[in-house]
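These are my notebook entries from a session of looking things up in one protein structure. I wrote each entry after checking one topic.

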Amino acid sequence: MPSDGNKNHSPSPHVLSNLPEWVIDEILMRLPLRDAVRTSILSKKWRYNWCRLPHLKLDQMLWKTIEDLISPTIGFTNILCHLLTLHTGLITKFTLDIPDLKPCPNIHHLIYFLSRNDIQHVLLKLPVGNRYKLPSSFFTCLQLRHLTLHTCLIRPPPLFKGFDRLISLELSDVTISSEFLGSLISHALLLEHLVLEQEVVSDHIEISAPKLRSFFFIGNINLLHLKNVPLLSKVSYEPIAFFVEAERDLAKIFESMPALENLCWNQGYVLGNQAGQAEVIPTRLPSGLNYLKRLYTSWFIVREFFEFSFALCLIRSSPNLEEIEIKVCNLRDKNYYEPMPQDAVDEIPASFSNMTFNHLRTVKIHNIAGTKAEMQLVKVLLAKSPALVRMLINPCRMKDRKSLKVLAKITNFQRASSKAQVVYNVD
């Protein structure tokens, strides 16, 4: 802009050509790959700048056209050919996201190309169906620090031990032996973030990761053993099935996580529903969750003896909680679960008699139906939380008269905190 502030002054036609190369690179890395390639027409200086981009993302937006004149597979193959031919320099981060592309193109050459470019960050999200078997060249990517795989088949060469520089590992719907999975994790001594979405797990998985800090797991939790995770602070479980035959079974899940601060227990499938199982749920865990600050549970059935006993056990084992969020699932089919006996409901206040939640500030309970067990839990949390600031209650759909009765009961409950605000969404 000239000093006289003339806004109609046009920039020099060579302003783009005169930009420093590092500025051009920063611009290109913020553009989708298709747009980055199109900048080739701006000037001679820009023509091949995209060819040295260290971060590449190939997704379906690259070959989809309005006319759809070219099949997706041919379009993808053409793009892949240009990439392998023209790109120069290192590629440190690569994303291949083609979940809807069928049949899946042969990407062996691409994997080999990446393995020779010191790749550090790989995300492969492939079509659902026939799993893509990773080629042997993939296991030579020894600089990998971040790895995300969807719908793959992993069969490593006999001499392969693991990626010892991995910081994060995410496997979703991946076919891999339990033995190699445990070995892969144990050899990644720098691993901090782990995601396992394995709905079909047939064998025991042992996890030893001394620097692991966050862990998300979908699968059979009874086949999982966290052996050495002293720094693990954030955990999300979504068990496919969860049965407890003895108190020790439940204790083993949590005893190896001394630093646990955030726990999400997503009961998206079926927990134990065999008669008598709740009787083996202890009042508290043998090793208390003394560092747990945030507890989130979803889709547990308050009327089910096992599930509610398990939720109460977690709460009573966590004296330093700051936030609790509970999403209730209300089922009318009584054949599905073992109902809560009345004496167990009546004993809830006594089981909290020697507890005070001195740090609890926020409680959220969703889909509450006003059952006696629910009301006992609300009553206890209000009476035992002197630092409570806000309790949010979202009731399930019920008749206006019943909803108002539930509200009236909660309003009359004693509160340990004079600042506690109870928000009951009557709608």
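**Entry on cysteines.** I looked up Cys152 and found that Cys152 is buried, because its relative accessible area is 0%, and the limit for calling a residue buried is under 20%. I keep in mind that I am reading a predicted model. Cys141 also counts as buried, at 5% relative accessibility. A disulfide is a covalent bond between the sulfur atoms of two cysteines. I then asked how many disulfides a search of the whole structure finds. The search came back with zero disulfides.

**Entry on the whole protein.** I noted 11 helices and 20 strands in the protein. The chain has 427 residues, and 46% of them count as buried. The exposed surface comes to about 22,400 Å², of which carbon and sulfur atoms supply 52%. I also looked at contacts in the protein with a separation of 6 or more, and residues 24 or more positions apart account for 66% of these.

**Entry on the nonpolar core.** In soluble globular proteins, nonpolar side chains tend to be buried together. With that in mind I looked up the largest nonpolar core, which has 112 residues, and wrote down the members that touch the most other members: Phe94, Leu96, Leu149, Phe215, Tyr237 and Phe254. Which helix gives the most to this core? I found that helix H7, residues 305-316, does so with eight residues.

I then followed Leu96, setting aside its neighbours within four places in sequence, and found it in contact with Leu58, Phe76, Ile107, Leu110, Leu123, Leu124, Lys125 and Leu126. Next I turned to Thr95, which has its place in strand E2, residues 93-97. Is Thr95 buried or exposed? Thr95 is buried, because its relative accessible area is 13% and the limit is under 20%. Not counting residues up to four places away in sequence, Thr95 touches Leu56, Lys57, Leu58 and Leu123.

**Entry on aromatic pairs.** A pair of aromatic rings is described by the distance of the centres and the angle of the planes. I counted up the record of such pairs and found 12 in the structure. For Phe160 and Phe180, the ring centres are 6.1 Å apart and the planes stand at 45°, so this pair is tilted. The pair links distant parts of the chain, since Phe160 is in the loop between strand E6 (152-153) and strand E7 (168-172), while Phe180 is in helix H5 (residues 178-186), 20 residues apart. Both Phe160 and Phe180 are buried.

I looked up Phe254 and Trp265 as well, and they form a tilted pair with 6.3 Å from centre to centre and 35° between the planes. Here too distant parts of the chain are linked, with Phe254 in helix H6 (residues 247-254) and Trp265 in strand E14 (residues 262-266), 11 residues apart. Phe254 is buried with a relative accessible area of 3%, and Trp265 is buried with a relative accessible area of 0%. I added that ring pairs link Phe215, Phe217, Tyr237, Phe254, Trp265 and Phe310 into a cluster.

**Entry on salt bridges.** Side chains of opposite charge can pair when their charged atoms come close. How many salt bridges does the count come to? I found two salt bridges.

In one of them, Arg131 is joined with Asp173, and their closest N and O atoms are 2.3 Å apart. Arg131 lies in the loop between strand E3 (121-125) and strand E4 (132-133), and Asp173 in the loop between E7 and H5, so the pair ties together parts that are 42 residues apart in sequence. Arg131 is partly exposed, with a relative accessible area of 33%, and Asp173 is partly exposed with a relative accessible area of 33%.

I also noted a salt bridge between the side chains of Lys227 and Glu206, at 3.6 Å from N to O. This pair links distant parts of the chain, with Lys227 in strand E11 (residues 224-228) and Glu206 in strand E9 (residues 205-208), 21 residues apart. Glu206 counts as partly exposed at 35% relative accessibility.

**Entry on a proline.** Last, I looked up Pro135, which is found in the loop between E4 and strand E5 (146-150). Pro135 is buried, with a relative accessible area of 10%. Leaving aside its neighbours within four places in sequence, Pro135 is in contact with His108 and Ile111. I also noted that Pro135 and Tyr112 are 23 residues apart in sequence and 8.2 Å apart in space, C-alpha to C-alpha.

Notes
Residues numbered from 1 in each chain as written. Predicted model: local features only at pLDDT ≥ 70, side-chain atom pairs only at ≥ 80, totals over all residues. Heavy atoms only, no water. Core = buried A, V, L, I, M, F, W, Y, C linked by side-chain atoms within 4.5 Å. Buried < 20%, exposed > 50% of the residue type's maximum accessible area, 1.4 Å probe, protein only. Helix = DSSP H or I, 4+ residues; strand = E, 2+ residues; numbered from the N terminus. Contact = heavy atoms within 4.5 Å. Phe/Tyr/Trp six-rings, centres within 6.5 Å; stacked < 30°, edge-to-face > 60°. Disulfide = S-S within 2.5 Å. Salt bridge = Lys/Arg side-chain N within 4 Å of Asp/Glu carboxyl O. Areas by Shrake-Rupley, 256 points an atom, 1.4 Å probe, with all protein chains shown as cover.
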